[in-house]
Every structure is written in C-alpha cells, then in structure tokens.
Amino acid sequence: MSVSRRVSSLPVNPQRVLIAKAEELSRRGVKVYNYTAGQPGLPPDTEALNYFIEMLRRDPFKHFRYVSTQGLPELRTAISEDLRKYGGVDVEPSNILVTTGGADGLVLSIYTLLDEGDTLLLLDPSYSVYWDLARLAGLRVETCRQLYENGFNPDPECIKDKLGSSAKAILLASPDNPTSRVINSEVAKTIVDVAYERKAWIIYDVAYKHLVYEGEHVWFEKLAPSMDRLVVVGSFSKDIAIPGGRLGYVYGPSNAIAEMTKLKGVLGIVAPVPMQWMAYYYLSGGFKEKYLREVIPVYRRRRDAAYEALKKNLPRARVLKPAASMYLFPDMAHYIREKGLDDVGFTMKLIEEKGVAMLPGSIFGESGSNHLRITFVTMDEKNLVEGIELLAEFVGEK
C-alpha cells in the first residue's frame with residue numbers, strides 16, 4: 001500500500017510499543033508496574049462529575065450540539081477569569097481558542113505561525129510529540145541542550161545565538177516534560193527579550209502549570225511587553241484530570257488566534273462540546289480549586305517516595321528531585337552501558353523480564369539518551385517503590 005511521505009517519515013514511537021506490551025502482559029495476568037503514562041493518577045472530582053452528569057441529563061441537546069469553532073463563550077470567559085485568578089494576567093475571551101487537547105493547540109500553533117522550511121528552536125530533551133510535529137510540518141530544527149548539570153535549564157547564550165537568527169520560533173514547556181524542570185528566571189527573561197527584539201515567536205506549553213510542589217509557575221505573560229509574539233498552549237488534562245476528554249486552549253494575539261480558529265474549523269470543526277461544558281462547570285463551580293487542594297499533597301508524597309527509592313536502590317544513577325510536573329528523569333548511562341544495550345533496548349527487556357514499563361529518554365531528543373522517564377503520580381507509594389526495586393534487580397543492584 002502506498003501512503004504519503006509525510007506520514008511514512010514519522011517513526012513509530014517506542015512509547016506506543018511499550019504501552020501495548022504493558023497491556024498485553026496485564027491481560028495475561030502479569031502484574032505490570034507502569035510508569036509510562038503522562039496522565040493524572042487520581043480520577044476527576046466526584047462532586048464535579050455528578051454535577052456534570054446531572055446537567056447533562058437535564059438538557060442533553062445543549063451539551064452535545066455544535067458550538068462555534070472558537071469554543072463555548074461561557075468557557076472562554078471562565079478561562080479568562082481563571083488566568084486572572086491564578087496568574088494575574090488579563091486575556092480577553094475573544095483571544096482564547098478552545099482546542100481538542102493541548103496537542104491540538106500545538107498543531108494549530110505550529111501550522112499557523114510557521115511555514116514549511118522554517119526553523120523551530122527546541123530544547124533538548126523535549127516532549128517527544130514536538131519532534132514529530134516539526135517533522136510533519138516540514139520544519140528544520142535547531143536545539144539548545146538541557147543538561148542534568150544545569151538543572152535541565154538551557155544555556156541563555158544558546159538562546160541568544162539561535163532564536164530569531166536561524167530560528168523563527170521557540171517551543172518549550174514549563175514545568176517540563178520529560179525533565180519536570182521549571183524554567184529559571186534568567187532563561188525565561190532571555191527568551192522573551194530575544195524573541196521580542198528579533199520578532200520571533202514563543203510557543204509556551206503550560207500543561208503542567210498547576211502541578212508545582214515547590215516554587216512557582218513562570219508566567220511569560222508577565223515578562224513580555226505584550227502578547228504580540230507569545231502564544232500560550234494550555235490543557236485540561238492535568239489540572240482537572242480529563243486527559244481522555246481531549247480538551248485544551250490556546251491564547252495569544254488576536255490575529256494569530258483568528259487564523260488558528262480558521263484552521264481549527266478545517267481540521268476538527270470544534271473541540272468536544274460535552275467536555276467544554278464540563279470544564280466550564282469545573283472552573284465556575286470551584287471544583288478545580290478543590291481538586292488541586294486534594295491531589296497536590298498526594299502527588300508530592302508520591303514524588304518523594306519514588307525519588308527516595310531511586311536514590312536508595314540505584315546509587316549510580318543521577319537524578320534530580322523535581323519541583324513540579326509528574327516525572328523523574330534519571331541518567332541511567334552506567335547501568336545501560338553495563339547491560340550492553342541502548343535505552344530503547346533496555347526498556348524493552350525491562351518490561352519483558354520484570355514487568356516494569358518505563359520510557360527511554362532518547363525519544364525526547366538526543367540529550368535524553370540513556371535516561372528513563374518515570375511517571376510518579378499514577379501509582380501509590382507502595383507500588384512505586386516495588387517497581388523501582390525490580391528495576392534495581394534488573395540492573396544487578398539487588
């Protein structure tokens with residue numbers, strides 16, 4: 001069968017292979033310790049769900065009909081108020097587009113702001129989808145490395161060298177996936193200053209902005225002189241725990257949002273309307289604050305348990321204790337070399353022999369090679385520790 005070069009050029013992501021393998025083992029009755037999923041470890045708020053279901057029963061037509069491509073006006077107003085409440089930033093509802101998850105927001109941003117052949121600056125390592133989207137859009141990619149020694153923050157001099165000279169835009173996340181780092185103030189200020197001086201775009205992915213355990217989220221909106229060069233991509237997958245609901249949003253300058261809305265009408269018509277209502281009820285009914293108050297302490301305890309288990313059982317790994325997000329990202333180079341494998345082969349043998357599923361760092365970029373991405377929010381402390389002990393057995397530490 002002949003398919004397009006556009007699609008055939010995309011490699012199969014080992015993450016999908018590992019997830020399928022974990023599901024296969026589970027069906028066979030094997031206990032699997034699955035650290036691969038980038039999703040919340042606790043379900044949506046029960047009270048919010050019950051309220052949503054009741055409203056749905058009262059008026060199902062309203063909740064399932066088409067709404068405007070830009071999104072439910074009530075939800076866009078609620079997002080605007082939420083941004084003011086948490087960040088002290090003013091974004092008009094007319095400058096907000098509701099999207100089918102954060103990934104949809106990334107697609108719309110890249111295809112609206114960049115042309116085929118343009119150069120995109122990525123931090124290395126970065127979320128694996130960024131690399132695939134750049135390839136799909138026919139973009140050239142420049143990188144600035146994020147290393148363990150710098151707390152996974154890039155060198156500001158690299159930003160100065162590449163952004164706006166060779167690169168038309170930078171795409172980054174804070175808090176980060178896979179490293180969980182929060183961008184430091186010097187780097188953030190450098191990105192803003194260089195982008196606005198050289199008329200480059202900043203595409204800022206803030207999917208994890210509420211999952212901060214120490215310190216604070218960095219609001220680029222407060223650093224920038226205006227929204228003229230800044231597009232922010234948000235998600236409801238983490239903060240209200242509906243990753244399968246596929247709902248997110250984008251905001252930025254009015255002309256860019258208008259063009260993204262036009263493109264959204266072609267690619268998907270409208271984001272899932274029932275989920276738009278659910279998000280509206282979450283934001284307007286105080287359910288989001290309640291959910292975050294309950295889950296953040298749980299995630300912090302799970303982070304601490306996983307970090308301590310890794311330090312105790314794998315003394316030759318290098319790992320930072322994350323202040324935010326969902327992931328540990330240990331440098332496992334010593335252990336992977338001892339096995340005579342690359343990190344993809346290492347993770348494949350780990351799940352086959354121990355029933356432990358973790359992601360190879362190389363899928364997030366060259367600088368992620370020989371690391372593992374370990375999600376710490378999706379299991380309780382007991383299972384988190386047990387899986388890491390099995391990892392230690394696999395490499396011969398136990």
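Does Pro156 count as buried or exposed, and at what relative accessibility? Pro156 counts as buried, because its relative accessibility is 12%, under the 20% cut-off for that class. Keep in mind from the start that this is a predicted model.

## Pro156 and its surroundings

Let us stay with this proline for a moment. Pro156 belongs to helix H8, which covers residues 156–162. Apart from neighbours within four places in sequence, Pro156 is in contact with Glu186, Val187 and Thr190. Pro156 and Val187 are 31 residues apart along the chain, and their C-alpha atoms are separated by 5.4 Å.

## The chain as a whole

Now for the wider view. The protein chain has 16 helices and 12 strands. The chain is as compact as a globular protein of its length, because its radius of gyration is 21 Å, close to the 21 Å that the globule rule gives for 398 residues. Taken along the principal axes, the box filled by the C-alpha atoms is roughly 55 × 55 × 50 Å.

Buried residues make up 56% of the 398 residues. Among contacts with a separation of 6 or more, 74% are between residues 24 or more positions apart. On the outside, the protein chain exposes about 16,500 Å², and carbon and sulfur atoms supply 50% of that area. The chain has 50 positive and 50 negative charges, and the mean positions of these two sets are 3 Å apart.

## Two nonpolar cores

In soluble globular proteins, nonpolar side chains tend to be buried together. In this model the largest nonpolar core has 100 residues, and the members that touch the most others are Ile202, Phe220, Phe236 and Leu314. Helix H13, residues 287–313, gives the largest share of this core, with 10 residues. A second, separate core has 25 residues, including Leu97, Leu120, Ala169 and Val233.

Phe236 is a good place to look inside the largest core. Beyond residues up to four places away in sequence, Phe236 touches Leu75, Ile79, Ala241, Ile242, Leu247, Gly248, Tyr249, Ala279 and Leu283.

## Helix H7 and its partners

Helix H7 runs over residues 128–136, and its buried residues are Ser128, Val129, Tyr130, Leu133 and Ala134. What do these buried residues pack against? Their partners include two helices, H2 (14–27) and H6 (101–113). They also pack against strands E3 (119–124), E4 (140–145), E5 (169–173) and E6 (201–205).

After H7 comes Gly138, with a positive phi near 70°. On the other side, the loop between E3 and H7 holds Pro125, a residue we meet again below.

## Backbone features in the loops

Most residues other than glycine have a negative phi, and most peptide bonds are trans. Some places in this model are worth a look with that in mind. The peptide bond from Asp124 to Pro125 is cis, with omega near 10°. Another cis peptide bond joins Ser174 to Pro175, with omega near -10°. Pro175 sits in the loop between E5 and helix H9 (185–198).

Lys199 is not a glycine, yet its phi is positive, near 60°. You can find Lys199 in the loop between H9 and E6, and it counts as exposed because its relative accessibility is 61%. Asn370 is also a residue other than glycine with a positive phi, about 70°. Asn370 lies in the loop between strand E11 (359–360) and strand E12 (372–375). With a relative accessible area of 23%, Asn370 is partly exposed.

## Ala224, a buried loop residue

Where is Ala224 found? Look in the loop between helix H10 (220–223) and strand E7 (230–235). Ala224 counts as buried because its relative accessibility is 11%.

Leaving out residues up to four places away in sequence, Ala224 touches Val192 and Tyr196. Ala224 and Ile96 are 128 residues apart in sequence, and their C-alpha atoms are 18 Å apart in space.

Terms used
Residues numbered from 1 in each chain as written. Predicted model: local features only at pLDDT ≥ 70, side-chain atom pairs only at ≥ 80, totals over all residues. Heavy atoms only, no water. Buried < 20%, exposed > 50% of the residue type's maximum accessible area, 1.4 Å probe, protein only. Helix = DSSP H or I, 4+ residues; strand = E, 2+ residues; numbered from the N terminus. Contact = heavy atoms within 4.5 Å. Core = buried A, V, L, I, M, F, W, Y, C linked by side-chain atoms within 4.5 Å. Rg over C-alpha atoms; globule rule 2.2 N^0.38 Å. Areas by Shrake-Rupley, 256 points an atom, 1.4 Å probe, with all protein chains shown as cover. Lys, Arg positive; Asp, Glu negative; His and termini not counted. Charge placed at Lys NZ, Arg CZ, Asp CG, Glu CD.
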